[in-house]
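Me: I would like to go through the labels attached to this model one at a time, asking in each case what justifies the word.

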Amino acid sequence: MAHAHRTRPVDVGAARPVGLRSGLGRHALLPLRLFLGATFLYAGLQKLTDRAFLSGGAKGSLSDLLRQVHDTAALPQLVELAQHSTVGFGYAVAGGEVLVGIGTLIGLLGRLAALGGALISLTLWLTVSWPSTPYYYGNDLAYLMAWTPLVLAGAPAFSLDAALANRRQRHGTQLYG
């Protein structure tokens, strides 16, 4: 008489590739976070310290750049909006890049920082790098795509978000005390 064998339910997590089980998958986004965070932090700081970029209309200024790209932008309305106050818009972009860079590097509000980076990249793609031919020469599109995994996954390792989530898990919803 054959014995009926009972089988245990299959743990779907156990069927993952070895790299993910060993913890390497948790760190897969770290190089992307470091690259994008450092790049955006550097770009923002460079804009803030470049006298020409934030000047009213000198060569190399944001105002000069906006005049050059107006007729070729996918959304010239965005260019016109920025042209109303180029210095204010320049500070906003530079400040946004600094905040996105810091948030991405330290992993604080990781998804929000990545969304900010994606929106900056999308805006630049639709204005400054739109006329690039072929399209893949426009680096802002590549940055937009690079932000997408971080928008979806956040900063799951080596981040303040992960540390805060771990603390909440250990101590409940109370963060301090």
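Reply: A crossing is left-handed if the near helix is turned anticlockwise from the far one by less than a right angle. In this predicted model, the crossing of α2 and α7 is left-handed.

Me: What makes α2 oblique to α7?

Reply: The axes of the two helices α2 and α7 come within 10 Å and cross at roughly 125°. Angles of 65 to 115 degrees count as roughly perpendicular and those over 145 as roughly antiparallel, and since roughly 125° falls in neither class, α2 is oblique to α7.

Me: Which helices supply at least two residues each to the lining of the largest pocket?

Reply: They are α2 (30-49), α3 (62-69), α4 (76-83), α5 (86-106), α6 (110-127) and α7 (139-153). The pocket itself has a volume of about 600 Å³, and of the 28 residues that line the largest pocket, the closest to its centre are Lys47, Val93, Glu97, Leu124 and Val128.

Me: How does that lining divide into nonpolar, polar and charged residues?

Reply: The lining of the largest pocket has 16 nonpolar residues, eight polar and four charged. Val and Leu count as nonpolar and Lys and Glu as charged.

Me: Where does UniProt place the feature "transmembrane region", and how much of each span is helix?

Reply: The unreviewed UniProt entry places the feature at residues 112-130 and 142-164. In the model, residues 112-130 are 84% helix and 0% strand, with end C-alpha atoms 25 Å apart, while residues 142-164 are 74% helix and 0% strand, with end C-alpha atoms 31 Å apart.

Conventions
Residues numbered from 1 in each chain as written. Predicted model: local features only at pLDDT ≥ 70, side-chain atom pairs only at ≥ 80, totals over all residues. Heavy atoms only, no water. 1 Å grid on protein atoms, 1.4 Å probe; cavity = no way out; pocket = protein on both sides within 12 Å on 5 of 7 lines; lining within 4 Å. Points joined across faces, edges and corners; volume = space filled by probe spheres on them. Helix = DSSP H or I, 4+ residues; strand = E, 2+ residues; numbered from the N terminus. UniProt positions renumbered as here; feature names shortened; annotations may be inferred. Axes fitted to C-alpha atoms, helices over the stretch in contact; angles between N-to-C directions. Parallel < 35°, antiparallel > 145°, perpendicular 65-115°, else oblique.
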